[in-house]
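Reader: Please examine the structure shown below with me, taking one helix and the aromatic pairs in turn.

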Amino acid sequence: MTGRQRSPVRVVHLDPDGFGDVSIERAAFEAALDDVTFDVLADAGDDLAGTVGRADVLLTHYTEIDAQAMEAIRPEVIVRYATGFDGIDMEAANRLGVRITRVPEYCDEEVADHVIALALALWRRLPQYGAHVARGGWEWRHAAPGRRFAEATFGFLGFGRKARASAARARALGCTLVAYDPHLGDDGITDHGAEPVGLDELLRRAHVLSIHAPLTPETEGLVDARALGLMPAGAIVVNTARGRIIDEAALVAALDAGRLAGAGLDVLCEEPPPSGHPLLGRDDVIVTPHAAWYSEQAERDCRELGTRFAIEALRGETCDGLVNPEALAGADGAR
C-alpha cells in the first residue's frame, strides 16, 4: 500500500439496482477496513454532489457522474457495477486522480445465451406465430421464416468477450461469422472463428447484426438510417450493449418499411421506456428490460467482484477492473 492512512472511509452506494440490500458490499468493506461508514442513497436526485456530500468511494450501477460532481465529492474511487463505464467523466477522473473500476467479466455466458435466444426467436418468427395463435389462428404460413438459420451470416459490431461467447454459439449452429472491431487486431477476430471486415461490409453481409460495442461519442447513433439501409433485406438486429448506439427512429422506420424482419433489444435509449414508445407492442420486436446479464450467479459475481476491485483500487493496488491505472500516480491516500 502507498500513501498515508486516513479514516474513517465513507462509502456511498448510489443505486443498489433493486437487489434489495447491500449486505454483500457492506460486509466486504467492513471486513477490509478498520473504520468505514456505508451509506445508501438510492435516489440522489438532480443535485448529486449536494446529496452525497464528501465521500471516499462511490458505488453505482447507472448513475452518471460528471466533472462537477466529481470535483465537489472528491472520491478516491468510483466503481461501476457493469462491463462498461459510460456516464462517468473519464477526463475529469484522470485529471483529479480518481480511480475508476468496472467488472469486465461476470455475465459473458448469460449475455451470449440472451443474444442467441433473441436471434433465434426473431429468425423463427416466434413472436408473430405466438400472437397469431393467441388471436385464434393456426396457419403455418402466417410468418414462415425465409431461410435456415445455419445459412445466416452473423455479424458482430464489437468483438469483445461477450461477442466472442455469442460467436461460439452461433458457429455451433452453423452460421458464418463476420466481425468489425477497430480496437482489435485481425488475429483477435480470426482466432475466434470470425472473418474481420470493415464496418460497411459487416452491415452489407449481416443477416443478424449483434451489437457489442461500448457507448462512446464515436458509437452513439452509429447504427442509423444509412447503416440499416446497407443491411440485407429481412435482416434482424440484436442489441445487448447500449441503447444509444442505435438511432431508434431509424430502426422504427426500417421495420415499418419491411427492410428489417425484426429487432431484439435488451437496451433502449431511455430506460425504462416512456409509455407509447414506438418499439413496444410490436410483433416484430422483442424488448427485454436490460436483463441479458442476469442470472443468480452473475448477480453475485458482479457484486462481489465489483466490491473487491473497489477495495483494491482504494488501497492503491492495480486490479483487473481498474479502467485508468494512470490515476494511481495521483493517489494520495491509499489505505
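Reader: Against which elements do the buried residues of helix 11 pack?
Author: This is a predicted model. Helix 11 spans residues 248-256, and its buried residues are E248, A250, L251, V252, A254 and L255. Those residues pack against helix 10 (225-230), strand 11 (260-265) and strand 12 (285-287).

Reader: At the start of helix 11, which backbone nitrogen does a side-chain oxygen of D247 reach?
Author: Just after helix 11, G258 adopts a positive phi of about 80°. At the start of the helix, a side-chain oxygen of D247 comes within 3.1 Å of a backbone nitrogen, that of A249.

Reader: How many aromatic pairs does a search of the whole structure find, and what kind of pair do Y106 and W293 form?
Author: The search of the whole structure yields seven aromatic pairs. The ring centres of Y106 and W293 are 6.3 Å apart and their planes lie at 55°; the angle falls between the limits of 30 and 60 degrees, so the pair is tilted.

Reader: How many residues apart are Y106 and W293?
Author: Y106 sits in the loop between strand 5 (99-101) and helix 5 (108-123), and W293 in the loop between strand 12 and helix 12 (296-314). The pair thus links distant parts of the chain, and the separation is 187 residues.

Reader: Is Y294 buried, partly exposed or exposed?
Author: W293 and Y294 form an edge-to-face pair, 5.3 Å centre to centre with 80° between the planes. W293 has 14% relative accessibility and therefore counts as buried. Y294 has 44% relative accessibility, so Y294 counts as partly exposed.

Conventions
Residues are numbered from 1 along each chain as its sequence is written. This is a predicted model: local features need pLDDT of at least 70, side-chain atom pairs count only at pLDDT 80 or more; totals for chains, interfaces and linings use all residues. Side-chain values use heavy atoms; hydrogens and water are left out. Buried means under 20% relative accessible area, exposed over 50%, partly exposed in between (1.4 Å probe, protein chains only). Helices (H or I, at least four residues) and strands (E, at least two) are DSSP runs, numbered from the N terminus. Contact means heavy atoms within 4.5 Å. A polar contact is a pair of N or O atoms within 3.5 Å; within protein, one must be able to donate a hydrogen and the other to accept it, and residues adjacent in sequence count only if both atoms are side-chain atoms. Rings of Phe, Tyr and Trp (its six-membered ring) pair if their centres lie within 6.5 Å; planes under 30 degrees apart count as stacked, over 60 as edge-to-face and the rest as tilted.
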